[in-house]
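Biologist: I should like to learn how to read the features of a structural model. Would you take me through one, step by step?

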Amino acid sequence: MRVNERDVKQTGLILGIESSCDETAAAVVRAGGDALSNIVASQMNLHANYGGVVPELASREHLRNVVPVVRAAMKQAQVSFDDLDAIAVTEGPGLAGALLVGITYAKALSFGLGKPLIGVNHLEGHIHAVLMEARQSGAASMELPLLALVVSGGHTHLYLANVGEEGAWSYRNVGRTVDDAAGEAYDKVAKLLGLGYPGGPWIDSLAKKGNPDAVAFRFSRIKPRGHREGGPADEVRFDFSFSGIKTAVLRYIETHGMREHVEARRRELAQHPEWGPRSEEAALLCDSETLNLIASFQHAVVGNLLRQTFAAAETFGARGIVVSGGVAANSELRRRFQAEADRRGLPIAFPSVALSTDNAAMIAAAAWPKFVTGKFAPDTLGATPQLRLG
Ligand code: KG4
Ligand code: ZN
C-alpha cells in the first residue's frame, strides 16, 4: 500500500490545536494534505531567560494565546467554524498543564459546534508533518513500511510506521533514548559552552567552522531492551543514549582549562542579545579549540543518529525514511542522512524548517486518517503527559 490518501480526499477540513510544550499553535488542514493556515505563537524568548522551558509560564502563555491563535488560523484559512469537519488536539506527550489548555479549548469548541473531537499523539504529528509536505510538493509517494526518526528537545524515537487494511496507521517503537533526547544534549552542551538557548542552531552554525575529527567521542552500545527490562531476549532494538557525550564535553572543558574562556563568552553574549547563532561576532567569541569541540560533538551525535537509523531501516526492511522534530533542521544531519539514503537508494524526506518545530498543521494532518476511519476521542479526553506511540 502507498502513502497516498488522495483517493479518499473529500473536503475534510480539520482544525488542529497544539500546546504540548512552548508553542501555542493552530492550523486548518484540508484532507490531511493541504494546509490552509498554520499559526504558531512561540514562547521561545520568554523561556530563553531561564535556559529551558518553565512549565508554569508555558501554561499561562498558552492560556493567553490559544483564542487569538485559533482565530488567526481560521482567518488565514478563510473558513468559518461551521465549515469544519472536526477539531484535532494534541493529547500527549508533553507538559500536563500546557496540554490541558489546548485540550480544554478543543473540547469546548467541539461541544459548542457539535463537531467530532480527535486526539492526536504529538509524535505521530511530527511524522505526518513530513508526509503532508511530501504530498504537497508532489514528490513521489513513499513506500511502506517507513522508518521514522523523531528527534527533538524532548524525544529521540525510531518508529516503524505502516498502514493497515482499514487505512489506520500503526507504529512500532524500535528505538528510543534511554536518557537525554538528542536536542536536549545540544541544549545542554551549548549551555556548558556559554552559548545561547536553544543550543541546536548555535552548535549547527559554529560546527561549520571547526574540525569534526579533532575530538573522538564514543557511544557505548545500549543493551537491547529485552535484556534490560525482562522483555524477549531476542528483541532487536536501536536505542540511544546522549547523556554520556554531554559529560564527556564537560570533562573536556575542565581538563583543557577552558572554563574561563566559557564564562567570558557567556558574559559577552548576555550583553549582546542581538548576536544570533549565525553572527560573525558569536563566532569570534570562540577560539579554534572550542570550534573543534563543537564540530566534533555534532559530528558524533549525527553519526550516532545515522548509524542507528539506517541499521534499523535495514533490519526491519523499511522502504523509506522520514526524519522529523526540531533537530531535523540540523544542516549536517540533513546532508549526511541524504547522502547515506542516496547511497542505499532509499527515499528520505525531511520537513521544511517551518514544520520541523512544533506546529498544529501536523496535528490536523495526523488526524485525517483517524477522521476517515472514525477514530474519535471520548468526551473524557484528558492530557497524557507520558503518552506513548506504538
Ligand atoms: O521539536 P522542537 O521544536 O521541540 C520539542 O522539543 O518538541 O525541538 C527543539 C529542539 C531543541 O533542543 C533545539 O536545540 C533543537 O531542536 N534544534 C536543533 C536545531 N534547531 C533546533 N538541533 C540541532 N540543529 C539545529 N539546527
Ligand atoms: Zn515536538
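The dialogue below goes from the domains to single contacts and then to the backbone.

Modeller: Please keep in mind from the start that this is a predicted model.

Biologist: Into which domains is the chain divided?

Modeller: There are two entries in the assignment: domain 1 covers 5-142 + 355-372, and domain 2 covers 174-346. Their centres, taken over C-alpha atoms, are separated by 28 Å.

Biologist: How is the interface of such domains to be described, and how much area do domain 1 and domain 2 bury between them?

Modeller: The size of an interface is often given as the accessible area lost when the parts come together. Here domain 1 and domain 2 bury about 880 Å² between them, and 69% of that area is on carbon and sulfur atoms. In terms of residues, 12 from domain 1 are in contact with 11 from domain 2.

Biologist: How many salt bridges and polar contacts cross between the two domains?

Modeller: The rule finds 0 salt bridges across the interface of domain 1 and domain 2. Polar contact is counted for 2 residue pairs between these domains, with both residues at pLDDT 80 or more.

Biologist: Which elements supply the side of domain 1 that touches domain 2?

Modeller: Two or more residues each come from α1 (44-48) and α4 (122-136). The largest share, 4 residues, is given by α4. By residue class, this side of domain 1 has 7 nonpolar and 5 polar residues, and no charged ones.

Biologist: Turning to salt bridges in the whole structure, how many does the rule count?

Modeller: The count comes to 16 salt bridges. One of them joins R319 and E143, whose closest N and O atoms are 3.6 Å apart; the rule accepts such a pair within 4 Å. This salt bridge links distant parts of the chain, 176 residues apart: R319 is in the loop between α11 (288-315) and β9 (320-324), and E143 is in the loop between α4 and β6 (146-151).

Biologist: How should I read an aromatic pair, and how are F219 and F242 arranged?

Modeller: One reads the distance between ring centres together with the angle between planes; an angle over 60 degrees counts as edge-to-face. The structure holds 9 aromatic pairs. Among them, F219 and F242 are edge-to-face, at 5.9 Å centre to centre and 80° between the planes. F219 lies in the loop between α6 (199-207) and α7 (225-229), and F242 in the loop between α7 and α8 (243-255), so the pair ties together parts that are 23 residues apart in sequence.

Biologist: Finally, where in the backbone are the cis peptide bonds of P145 and P198?

Modeller: L144 and P145 are joined by a cis peptide bond with omega about -5°, and P145 lies in the loop between α4 and β6. A cis peptide bond with omega about -5° also joins Y197 and P198; P198 is in the loop between α5 (182-192) and α6.

Biologist: What is the phi value of A31?

Modeller: Phi of A31 is near 50°, which is positive in a residue other than glycine. A31 is placed in the loop between β2 (23-30) and β3 (34-42).

Key
Residues numbered from 1 in each chain as written. Chains lettered and ligands numbered in written order. Predicted model: local features only at pLDDT ≥ 70, side-chain atom pairs only at ≥ 80, totals over all residues. Heavy atoms only, no water. Domains from an automatic or database assignment. Contact = heavy atoms within 4.5 Å. Buried area = accessible area lost by both parts, 1.4 Å probe. Salt bridge = Lys/Arg side-chain N within 4 Å of Asp/Glu carboxyl O. Polar contact = N/O pair within 3.5 Å; in protein donor to acceptor, adjacent residues only side chain to side chain. Nonpolar A, V, L, I, M, F, W, Y, C, P; charged D, E, K, R; others polar. Phe/Tyr/Trp six-rings, centres within 6.5 Å; stacked < 30°, edge-to-face > 60°.
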